[in-house]
Amino acid sequence: MIDFTEEQIERYSRHIILPEVGAEGQSKLLESKVFMIGAGGLGSPVAYYLAAAGVGTIGIADADVVDSSNLQRQIIHNQDRIGMPKVESARETMQALNPDVKVNTYNYFITEDNVREIIRDYDLIIDGCDNFPTRFLVNDACYFEKKPLISGAMFRFEGQVATFKPHQEKGAPCYRCLYPEPPPAGLVPSCSEAGILGALAGAVGTIQAVEAIKELLGIGESLAGRLMVFDALRMEWKKLKLHKDPACPLCGENPTITDLVTYEQACELKFGQ
Amino acid sequence: MSVSVRIPTPLRKLTGGADEVAIEGTNVGEIIENLEAAHPGLKERLCDDDGEIRRFVNVYVNDEDVRFLEGRGTVLKDGDEVSIVPAIAGGC
Ligand SMILES: [Zn+2]
């Protein structure tokens, strides 16, 4: 366990006082390393709360710069940061909130050539990206590198959150058990043109952050094997069961995917049109 | 027998904006056919050309994925809720 400074004891006192966290749990958080894909709508609340919680090392990848149209939901950025790389803006905000946190920035796209090497250094991966090809790439990389993955996605007024750790728990599914491969181009909405209720990103992202902290601490019941589905218009969360698919091409009995694959980006809206 | 079917946001255009519709049917396959009759265009969003449920759309009866029950043959009972849960990818 680390030696807390007085400032840290005060900063984290509301955590330390929780029997489920305590000084030991807080120490664990400070020694944890989390890697996040995306410094956008979901990445903003995740990064903010993980930094506040004192997760010691946070890696964040995003190739974009801050745009004024982001500020309706991407609350880790602000007006003065327009044009700045999102990962730099996120780092400034996180370190202003909590100087204990070391932030590693990755101002480029996650690809099959870099993803495994990057995530190898981290304990837990959080996906808040905006496209299917990256979701499959990250899922597969996490499976090969045996890293737990907390995945969040949203569309207009709906959100989904799931934890995937097929390497850790018998019967726990991966993302491909849920969806074996990306939808063909044009069949499922995947891009920001569809519109998004800004505060939805907060609802979905903070669930990811809560789940990440639980995973790091090893407390409570993991979300692995369930899919949380949020409908903001009905103000309703549903918890659906996810099963490991014995026919999963990645983690099933006879896997056909034994190395990373890159899918083309599909970016049309026909599914709902 | 009529069951309640939850319609996800991307498909609500086809149900006149309704997030939930009541559909007659005794199994999932019948529900899909009757959904199509009531709201044309829904079936091709849910099923491929062979009538199989598409792999990036999951159909749930209560909290169970029908792929792990009897698929389209999954028998429904009074009070069951059918949910359509498509893959979504947005995060930005
Ligand atoms: Zn799998």
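Which residues coordinate the zinc ion? These close-ups take a look, using a predicted model.

**View 1. The zinc ion and its cysteines.** Here the zinc ion is held by the SG atoms of Cys174(A), Cys177(A), Cys248(A) and Cys251(A), at 2.3 Å. What makes the arrangement tetrahedral? The 4 donor atoms subtend angles of 95 to 122 degrees around the zinc ion, so the arrangement counts as tetrahedral.

**View 2. How the zinc donors are spread along the chain.** Read along the sequence, the donor residues follow the spacing C-x2-C-x70-C-x2-C. One pair links distant parts of the chain: Cys177(A) sits in helix α8 (residues 175-178), while Cys248(A) is in the segment after β8 (236-241), 71 residues apart. Cys177(A) counts as buried because its relative accessibility is 1%. Cys248(A) is buried too, with a relative accessible area of 1%.

**View 3. Glu215(A) in helix α9.** Now we move to Glu215(A), which is part of helix α9 (residues 198-217) of chain A. Is this residue buried or exposed? Glu215(A) has a relative accessible area of 17%, and buried means under 20%, so Glu215(A) is buried.

**View 4. The neighbours of Glu215(A).** Leaving aside residues up to four places away in sequence, Glu215(A) touches Leu124(A), Ile150(A), Thr163(A), Lys165(A) and Ser222(A). With one of these, Ser222(A), the side chain of Glu215(A) makes a polar contact of 2.8 Å. Leu149(A) is 66 residues away from Glu215(A) along the chain, and the C-alpha atoms of the two are separated by 9.9 Å.

Conventions:
Residues numbered from 1 in each chain as written. Chains lettered and ligands numbered in written order. Predicted model: local features only at pLDDT ≥ 70, side-chain atom pairs only at ≥ 80, totals over all residues. Heavy atoms only, no water. Donors = N, O, S within 2.8 Å, 3.2 Å for Na, K, Ca; no water. Tetrahedral: all angles 85-135°; square planar, octahedral: opposite > 155°, others 65-115°. Helix = DSSP H or I, 4+ residues; strand = E, 2+ residues; numbered from the N terminus. Buried < 20%, exposed > 50% of the residue type's maximum accessible area, 1.4 Å probe, protein only. Contact = heavy atoms within 4.5 Å. Polar contact = N/O pair within 3.5 Å; in protein donor to acceptor, adjacent residues only side chain to side chain.
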